[in-house]
Structure formats: structure tokens, C-alpha cells
Number of protein chains: 2
Amino acid sequence: MSNIDQVKEYLLGLQNQICNSVEKLDGDAQFERDAWQRADGGGGESRVLTNGKVFEQAGVGFSHVFGDKMPPSATKHRPDLAGESFQAVGVSLVFHPLNPYVPTTHANFRFFTAGEENPVWWFGGGFDLTPYYPFHDDVLHWHRTARAACKPFGDSLYAEYKDWCDTYFYLQHRDETRGIGGLFFDDVNAAGFDDSFAFLRSVGNAFLPAYQPIVESRVDHEYGDRQREFQLYRRGRYVEFNLIYDRGTLFGLQSGGRTESILMSLPPRVRWEYSWQPDANSPEAKLYDHYLRPRDWLGEQQ
Amino acid sequence: MSNIDQVKEYLLGLQNQICNSVEKLDGDAQFERDAWQRADGGGGESRVLTNGKVFEQAGVGFSHVFGDKMPPSATKHRPDLAGESFQAVGVSLVFHPLNPYVPTTHANFRFFTAGEENPVWWFGGGFDLTPYYPFHDDVLHWHRTARAACKPFGDSLYAEYKDWCDTYFYLQHRDETRGIGGLFFDDVNAAGFDDSFAFLRSVGNAFLPAYQPIVESRVDHEYGDRQREFQLYRRGRYVEFNLIYDRGTLFGLQSGGRTESILMSLPPRVRWEYSWQPDANSPEAKLYDHYLRPRDWLGEQQ
């Protein structure tokens, strides 16, 4: 099998596995499937679960797009690849739970290859967590699972990709991280195809073990209007990040991607409130004071 | 009085006048005032009314910022002005009514001057309307008022600035205009300061006569969950426009402007729904079919 076919097979399996687990976790709603075609080559399948018992919205998208010539916007940082043929395959997901004690999460796994003979290729991806009322044990579990997924591929990888995640998911105009981070990587190819692909699989396979226990332990936590309103307010930050900063979103929209599949990352309900600030020492203030800045959760730097 | 002082006096008066009228229209809530300073020179006053009877949120901001050296982002399109001192004064407003039959509106009036001897200066601004359930009479009234404000300054101005508005407030990724348009202009200086300033005042003074009668005639229109949900859904487009396309918003956030004052344009409550489409021949479909594309409302081109 070609490289792209191997990655595609893995990612289609991962999409299935994650959707099955989310349906089981939810216990009520099911994913609707939307297959789509890209005019210039390729297509994908978006799966969206809405108004579930656990998930207010969960989207898991697969895409495989290709063409004879890379779109100019794709070669901005790699002018050497201008005019080459390309293929890109990826899975991307965002889950917005109903209960404010269950964190929102996002993950992405992708492979890119350009040119025919001696193709240039790389892997990218990662996963990150956006809690509203964080539990410190959950944060440790999330980062330990991320670290364990990286460990077989190099002792420094977790720290490197954890830092990259903190830097990438940062809202400059709010001086806040989007959440408590996780892993973010791109341009992964130095170890050769087999090992790089094994690394992607290791991170991809770690997503459910990282997220599922957190959902299970927080989903029955009681909440009221106060927590729900705070969740809707903080979801505003998610919208701000995705529409102002997120390269995947902006590149997708600018390059004529399928708008509904790209924007299925946006939360179903959101609110903004002018100049809102949490009360000092409130549970809401704890999020701002302790969690919305880059931190060395696992004491790696000590 | 210097040019900037004259414009400042007018804009401060306009902010007062508009806020007074909005409070009267609302009949319940009042504006809160927030004065702010800019570290690099100048400041402003944001006024926000929330949870009114008529307006779910209304923000009217005044700002006067200046500095010895223009920020690099401000000189992108005018490299000849790099390094010059500058002053910018403006009023900007966005109103989000509660009743879905009352349109959202936005207006902006601004003056910019750069350099000391032989300063380069210009006016910019305009107003636009974003209905959810448009009434054709309202659309005609809005555009007729806009046309009348332009008329004394040139027969072609309305058509020119109406087209610019349609082009500017366009969501490429949705293939929709933001609303039914109005006026948008920039770099206005060809007629000299006195006439250009008179034009700005003419448009500024036309805003309330354009908007107020529309609010008054629609505010008692009965609505239910269906209309409210559609309004919240369409407000998502407003967020998408402001965060993806709006130059004022993006420039403000990138140049270290006051985040809360810039983002007071965002609607208080919003929702997104994956792949939602209006039913054929429904009142919601009418918005899409008849109003969300550039149209020659007043038959000017015939």
C-alpha cells in the first residue's frame, strides 16, 4: 500500500472508533453522516451528533483532498512546493458537551504529501482540552496520557509538542490560553515514514483513553444556570480563537473548503457579555487564575 | 479650532444624541459608561446598554487615539505615511435588538490625519442594516434616507457608497451579504476639509432618522421561539463577519486596542446549527432568497 493509503486506512478506522465510543458515551443521540465532494479533487465525510444527553454537539470529519497543483495559499510557507501535485488526508474533531463540568475537546490528525517522485511529506496533529471548571486530576490524566503516547518516540517530544500546543492555542487579545493544552505538532517526518506514522498512530490511539475517563467521571456532576451561563460565555472564547487565529479554519474557508464541515467546530450555543469578570476567589476565577496560562503540569522542567 | 477638534466635537455630540435616543426608544435600560486610556496615546469612552426592553445590547464607542509614530499595521496600504505622527477619532456603534423583527444595525464615523505640516487626512464611515425578517418598506426607507444624505454632495455618491457597502459586508464563505447594506466610504477628502466634513455630518445625522422609525414600527411585532431561534442563528453570521473579515475589528485586536470595546459588537446570545437550511417558501427562506445579495433597491440603475 502507498503511504497515503496506509494513513487513510488508519484514519478512517480512527473516525469509526471515535464515533462508536462517543455514541456509547452519549447513550442517546447518534451521528448523522454527510459525504461531500471537492470540486478540485477528493472529498470527505462529516459526522455530526447533536442534542445528545452528554454531547450538545460532536463533530468528527474525515477528508482526503488532492489535486494536480497546490493552491497558492498552501505553499506560502513552502514556496519550493508551488505547482506540485498534492494529497492531504486528515481527521478532525470537536466535542461540545452539555454539562459544564465536562471539558470541550479538539483533536486533529493529518498527513500531507506533495510531488510524485521523491515526494515531500509530513504528519501533523495533536489534541487539546478546554475545561470550564477544571479538576486538577483530569488535567494530570490528560497530560500523562499525552506524555505516554510520545515517550516511545523520544524523551523530549512531549515537552516540545506540549509547548507548541500552548503557543498555538493562545488568544493574544485576551492574554489567555484556550484551555489546558495537550499536544500540537506539524512537519513530522525526520524519523522516516514508518516511525513518523507510528507516532501519529500512538497519539491518535491515545485520544480516547485521554478523554473518555474525564467525561465518565464528570458527566453526572450537578450543575445549574450559573455553570451553564459560564460555559456559554467561555464558549465565546472558542469562537474567537477558531475564527480569528485557527489556521485550519481560515485556510479552509479561504480555499473554498466546505463551510459547514469547517464550522462544525463552533459551539451550538454561545454568549458574550461586555466586560464580564469572574468574582474574586470564585470557581470561575480559578479557571482564569490557575488554568488559562501555560503551566508545567507534570513537573517536567524541575 | 483645528480640524481634529472640530470633528471630535461633532462626534462626541453625535454619541450623546444617539445614546439619548436609544435610551428613549428602549424606555427601560440605560447606558453604562466606561472611559479607557490607550497606553501609547489617547483613549475613549465605551457606552453599553444591556438587557433592555427593546435592545438586548447596544454599544456606542467613541475613541480618539494618537501617537508620534503610526503603528506598522496602519501604514500597510499607505507606506508613504510610515513613521508619521497620527490622530484618529471615531464613533462606532452596533445595536442588537431583542425582537427578531427589529433589525440589527451598525454605524461608524471616523477621521484620520497623519503628519504635522501638510497633513494627510481623510474621513471614513457609513451605516448598514441587518434584518432577520425584512420588511420591504423598511429597506426602501433605509436606502432612501442614505441616498438623501449623499445627494447634496454628488449625484453618484449614493450608488458608489452603496456598492462599496455591499462589497465590504460580504461573507465569501457563505456567499451572502451581511444584511441589506447601506453606505460604506473611506479616503473621503477630494472635496476639501469643509465639504468632506459636511458630508460626514450629513451621513452621521441621517443615522437616527434612518433607523429609529424602523425600530418603532416593528418593536411590538409578536414573535415566538421560531423567530428567536432564527435570530440567534443568523447572529452567528454577524460573529463570523466581524471576526473573520472586519478590518476594524482585526486591526483593533492586533494593534492592542481595548478588547472589550472592540468586541462589544458581538451579539449577546448566538447559536450555530450544522447544515441548517430554511424550509422552501418560509419567511426565513425569503431573507436568503431576496435580501442577502446585492440589489438595486431604489431602481437607481434603470
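This report walks through how chain A and chain B of a predicted model fit together, and the cavities found in the structure.

## How the copies are related

Start with the symmetry. Turn chain A by 180°, with 0.0 Å of shift along the axis, and it lands on chain B with an RMSD of 0.0 Å. The two copies are therefore related as by a two-fold rotation axis. Both copies also use the same surface for the contact: 100% of the contact residues of chain A recur in chain B.

## The interface

Chain A puts 32 residues into the contact, and chain B puts in 32 residues too. Between them the chains bury about 2600 Å², with 57% of that on carbon and sulfur atoms. On the chain A side, the residues that lose the most area to chain B are Glu260(A), Trp272(A) and Tyr274(A), which together make up 29% of what that side buries.

What about polar links? There are 15 residue pairs in polar contact across the interface of chain A and chain B, counting pairs with both residues at pLDDT 80 or more. The interface also has four salt bridges. One salt bridge pairs Glu229(A) with Arg269(B), whose closest N and O atoms sit 2.4 Å apart.

## Cavities

Searching the whole structure turns up seven cavities of 30 Å³ or more. The largest cavity holds about 70 Å³ of space.

Both chains help to line the largest cavity. From chain A come Gln57(A), Glu260(A), Leu263(A), Met264(A) and Leu266(A). Chain B supplies Arg174(B), Tyr233(B), Arg237(B), Trp272(B), Glu273(B) and Tyr274(B). Sorted by class, that lining has six nonpolar, one polar and four charged residues. Glu260(A) turns up twice in this story: Glu260(A) lines the largest cavity, and Glu260(A) is among the residues of chain A that lose the most area to chain B.

How values were computed
Residues are numbered from 1 along each chain as its sequence is written. Chains are lettered from A and ligands numbered from 1 in the order in which they are written. This is a predicted model: local features need pLDDT of at least 70, side-chain atom pairs count only at pLDDT 80 or more; totals for chains, interfaces and linings use all residues. Side-chain values use heavy atoms; hydrogens and water are left out. Copies are superposed by least squares on the C-alpha atoms of residues with pLDDT of at least 70 in both. Contact means heavy atoms within 4.5 Å. On a 1 Å grid over the protein atoms alone, a cavity is a set of points where a 1.4 Å probe fits but cannot get out, and a pocket is an open set with protein on both sides within 12 Å along at least five of seven lines; lining residues have an atom within 4 Å of a point. Grid points are joined across faces, edges and corners, and a volume is the space filled by probe spheres set on the points. Ala, Val, Leu, Ile, Met, Phe, Trp, Tyr, Cys and Pro count as nonpolar, Asp, Glu, Lys and Arg as charged, and the others, Gly among them, as polar. Buried area is the accessible area (1.4 Å probe) that two parts lose on being put together, summed over both. A salt bridge is a side-chain nitrogen of Lys or Arg within 4 Å of a carboxyl oxygen of Asp or Glu. A polar contact is a pair of N or O atoms within 3.5 Å; within protein, one must be able to donate a hydrogen and the other to accept it, and residues adjacent in sequence count only if both atoms are side-chain atoms.
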